[in-house]
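Here's a quick briefing to read with the model open beside you. Start with one residue, then work outwards to the cores, the helix packing and the backbone oddities.

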Amino acid sequence: MVSKAIALIDDEVDLVDLFQEILESDGYKVCVFIDPIQAFNTLEKKIQEYGLILSDFRMPNLNGYELCTKLIQLNPDLEVILMSAYDMMECDTSKFTIVKKPIPMAQLLQIVRNSLARNISQ
């Protein structure tokens, strides 16, 4: 079975570069975005190609929660990991895996593996 791609969305370019390098070195196909509006416009057209969205919570114009909520409406089987250094209490995050930044890379990889394993088993 061909594994689905990961969409990585974060407005911090250095973090996107680091996460992409780590994920690709572990064998994942990663598509990166630093603008959440551009991410949505691209992903909505081909959401079925993705098994996982890995997104920052706080971003300009469209936060990660809003973005991922819209994407899940297009593909309810999508796995989502939201990352934030801030509290997200005002949001219903029950459909998402929440990761507190900063996160050790080994832990991030394990969370990604677990999320994608859930997606494949659906």
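**Briefing: a walk through the fold**

Setting aside neighbours within four places in sequence, serine 115 touches Leu52, Glu79, Ile81 and Thr97. Serine 115 sits in helix 4, and it counts as buried because its relative accessibility is just 1%, against a cut-off of under 20%. Keep in mind that this is a predicted model.

**Overall layout**

- The protein's secondary structure adds up to four helices and five strands.
- Reading from the N terminus, the elements go β-α-β-α-β-α-β-β-α.
- The radius of gyration is 13 Å and the globule rule gives 14 Å for 122 residues, so the protein is as compact as a globular protein of that length.
- Along the principal axes, the C-alpha atoms fill a box of roughly 35 × 30 × 25 Å.
- Buried residues make up 46% of the 122.
- If you take contacts between residues at least 6 apart in sequence, 66% of them join residues at least 24 apart.

**The nonpolar cores**

- The largest nonpolar core has 23 residues, and those with the most contacts inside it are Ile9, Leu43, Ile53, Leu67 and Leu71.
- Two or more residues of this core come from each of strand 1 (5-9), helix 2 (36-43), strand 3 (50-56), helix 3 (64-74) and strand 4 (79-84).
- Helix 3 is the top contributor here, giving five residues.
- There's also a second, separate core of 18 residues, with Leu8, Val16, Leu23 and Leu109 among them.
- What does isoleucine 9 contact, leaving aside its neighbours within four places in sequence? The list is Phe33, Pro36, Ala39, Leu43, Ile53, Leu54, Ser55, Asp56, Met59 and Leu67.

**Phenylalanine 19**

- You'll find phenylalanine 19 in helix 1 (residues 13-25).
- Phenylalanine 19 counts as buried because its relative accessibility is 2%, and the cut-off is under 20%.
- Beyond neighbours within four places in sequence, phenylalanine 19 is in contact with Leu8, Met83, Met105 and Leu108.
- Phenylalanine 19 and valine 32 are 13 residues apart along the chain, and their C-alpha atoms are 9.5 Å apart.

**How helix 2 and helix 3 pack**

- Two packed helices are described by the angle between their axes and the distance between the axes.
- For helix 2 and helix 3, the angle is about 5° and the axes are 10 Å apart.
- Angles under 35 degrees count as roughly parallel, so helix 2 and helix 3 run roughly parallel to each other.
- On the helix 2 side, the contact is made by Pro36, Ala39, Phe40 and Leu43; helix 3 brings Leu67, Lys70, Leu71 and Leu74.
- Sorted by type, the residues of this contact are seven nonpolar, no polar and one charged.

**Backbone oddities in the loops**

- Most residues other than glycine have a negative phi, and most peptide bonds are trans.
- Asparagine 61 isn't a glycine, yet it has a positive phi of about 75°.
- Asparagine 61 lies in the loop between strand 3 and helix 3.
- Is asparagine 61 buried or exposed? Asparagine 61 is exposed because its relative accessible area is 69%, and the cut-off is over 50%.
- Lysine 101 and proline 102 are joined by a cis peptide bond, with omega at about -5°.
- Proline 102 is in the loop between strand 5 (97-100) and helix 4 (105-121).

Technical notes:
Residues numbered from 1 in each chain as written. Predicted model: local features only at pLDDT ≥ 70, side-chain atom pairs only at ≥ 80, totals over all residues. Heavy atoms only, no water. Core = buried A, V, L, I, M, F, W, Y, C linked by side-chain atoms within 4.5 Å. Buried < 20%, exposed > 50% of the residue type's maximum accessible area, 1.4 Å probe, protein only. Contact = heavy atoms within 4.5 Å. Axes fitted to C-alpha atoms, helices over the stretch in contact; angles between N-to-C directions. Parallel < 35°, antiparallel > 145°, perpendicular 65-115°, else oblique. Nonpolar A, V, L, I, M, F, W, Y, C, P; charged D, E, K, R; others polar. Rg over C-alpha atoms; globule rule 2.2 N^0.38 Å.
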